[in-house]
Amino acid sequence: MGDCVRIGAPVALSRVGACLGQVVFSSQVTRLGTTALAAHSLALTAEQAFYIPGYGMQAAAATLCGNALGAGDGKRLRDVARTSVLLAAGVMAVTGSILFLFPGFMMSIFTPDEEVIALGQNVLRIVAVSEPVFGASIILEGVFDGIGDTRTPLVISIATMWGVRILATYLCVNWLHLGLTAVWCCMVADNVARGALLFGADDYLLKPFRDQELTHAVARVCRKMESAPAANTPAVKKEPEATGYVRQAMDYIAGHYADENISIATIAEHLCVSEGHLSHVFKKQTGMTVTNNLTKTRIDAAMVLLQTG
């Protein structure tokens, strides 16, 4: 029951946040007049036909990534995620190209009004350019959902919807007095920002603040330890409850903590798992982040070295 709430609640909140955001977004468009509102509504309807395939692939990606994770096959998980993202981006590039080339025809299906068609085809061409990025972000949301990390898409979705789309649209409409084209540029900015954050989201939201000066200072002591006699080199303690990827990560840290280049990225690559998943599982089992564990290991080792002279 706890896992259902932990995984399901962020998904529900994400949907609620997105729906409320769309309501507020449309309310800003109404300020531009009936022609703009008509073009906006019909253009959204026309665009749906071109990004719906992405949501179908999202369901497949979530299922396949979840299966790979359950099987403990990190390589398969990464391959499935990468292939799904590339496939979705490719498909959406094709559909986006069609939308870019024939926006007037798509609008004419819904209305004969020339003014609405002209305004609608302009905004459809704008959004068509971002379709590949939008498709990739749809898949990445599915990948995060599939591995059980539903908080990351929630935070990114809320941040970009309200911090980029809604805020920018409000400024464009009420302060700069721009038209529907600017509003749809704000929507594209939301899509691009969401895709960029999801691409870089592995460990982005979960890793702690790094004290660079402390890290470098301890690293210098650790390098000194490498040249010390083996008897003076302390064994690194491991948490007894750590299992699976977490135990392997702690073993890797224990053997490589003196390396200045070690990071969650190198640890995750060594284990063939995603950084985001490793961060989430590591913190759940040990109560600390990977970076905190690495820093603690270095400090403990440095203290022993200082005590032994």
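**Note on a predicted all-helix model: cavities, salt bridges, cores**

1. R6, G148, D149, T150, R151 and H280 line the second largest cavity. Its volume is about 30 Å³. This is a predicted model. The lining of this second largest cavity splits into 3 polar and 3 charged residues, with no nonpolar ones. The structure holds 2 cavities of 30 Å³ or more.

2. The largest cavity comes next. It encloses about 60 Å³ of space. Its lining consists of P10, V11, S14, R15, Q58, E141, D145, T150, P153 and L154. By class, that lining counts 4 nonpolar, 3 polar and 3 charged residues. T150 is in the lining of the largest cavity, and T150 is also in the lining of the second largest.

3. Which helices supply at least two residues each to the lining of the largest cavity? They are α1 (2–29), α6 (131–146) and α7 (151–175). Helix α1 gives the largest share, 4 residues.

4. The overall fold is quickly stated. The protein chain has 13 helices and 0 strands. From the N terminus on, the elements run α-α-α-α-α-α-α-α-α-α-α-α-α. The protein chain has 309 residues, and 42% of them count as buried. Among contacts with a separation of 6 or more, 77% are between residues 24 or more positions apart.

5. A search of the whole structure finds 4 salt bridges. One of them pairs D79 with R82, with the closest N and O atoms 3.3 Å apart. Both residues sit in helix α3 (residues 74–101). They are 3 residues apart, about one turn of the helix. D79 has 29% relative accessibility, so it counts as partly exposed. R82, at 45% relative accessibility, is likewise partly exposed.

6. Another salt bridge joins K296 to D300, at 3.0 Å from N to O. Helix α13 (residues 290–308) holds both partners. The spacing is 4 residues, about one turn of the helix. K296 counts as partly exposed because its relative accessible area is 40%. D300 has a relative accessible area of 35%, so D300 is partly exposed too. Elsewhere, salt bridges that share partners join R165, D190 and R194 into one network.

7. Within that network, R194 bridges to D190, and their closest N and O atoms are 3.1 Å apart. Are R194 and D190 buried or exposed? Both are buried. The two lie 4 residues apart in helix α8 (residues 180–199), which means that about one helical turn separates them.

8. The largest nonpolar core has 39 residues. I139, I267, L278, F282 and V290 touch the most other members. Elements giving two or more residues to this core are α2 (34–70), α3, α6, α10 (244–256), α11 (264–271), α12 (275–286) and α13. The largest share, 6 residues, comes from α10. In soluble globular proteins, nonpolar side chains tend to be buried together.

9. L278 deserves a look on screen. Setting aside neighbours within four places in sequence, L278 is in contact with Y245, A249, I264, I267, A268, L271, V273 and V290. Two of these partners, I267 and V290, are listed with L278 among the core residues that touch the most other members. A second, separate core has 24 residues, including V116, V123, L124 and W184.

10. T295 is found in helix α13. Why does T295 count as partly exposed rather than buried? Its relative accessible area is 21%, and buried means under 20%, so T295 falls in the partly exposed class. The C-alpha atoms of T295 and Y257 are 8.4 Å apart. Along the chain, T295 and Y257 are separated by 38 residues.

Definitions and conventions
Residues numbered from 1 in each chain as written. Predicted model: local features only at pLDDT ≥ 70, side-chain atom pairs only at ≥ 80, totals over all residues. Heavy atoms only, no water. 1 Å grid on protein atoms, 1.4 Å probe; cavity = no way out; pocket = protein on both sides within 12 Å on 5 of 7 lines; lining within 4 Å. Points joined across faces, edges and corners; volume = space filled by probe spheres on them. Nonpolar A, V, L, I, M, F, W, Y, C, P; charged D, E, K, R; others polar. Salt bridge = Lys/Arg side-chain N within 4 Å of Asp/Glu carboxyl O. Buried < 20%, exposed > 50% of the residue type's maximum accessible area, 1.4 Å probe, protein only. Core = buried A, V, L, I, M, F, W, Y, C linked by side-chain atoms within 4.5 Å. Contact = heavy atoms within 4.5 Å.
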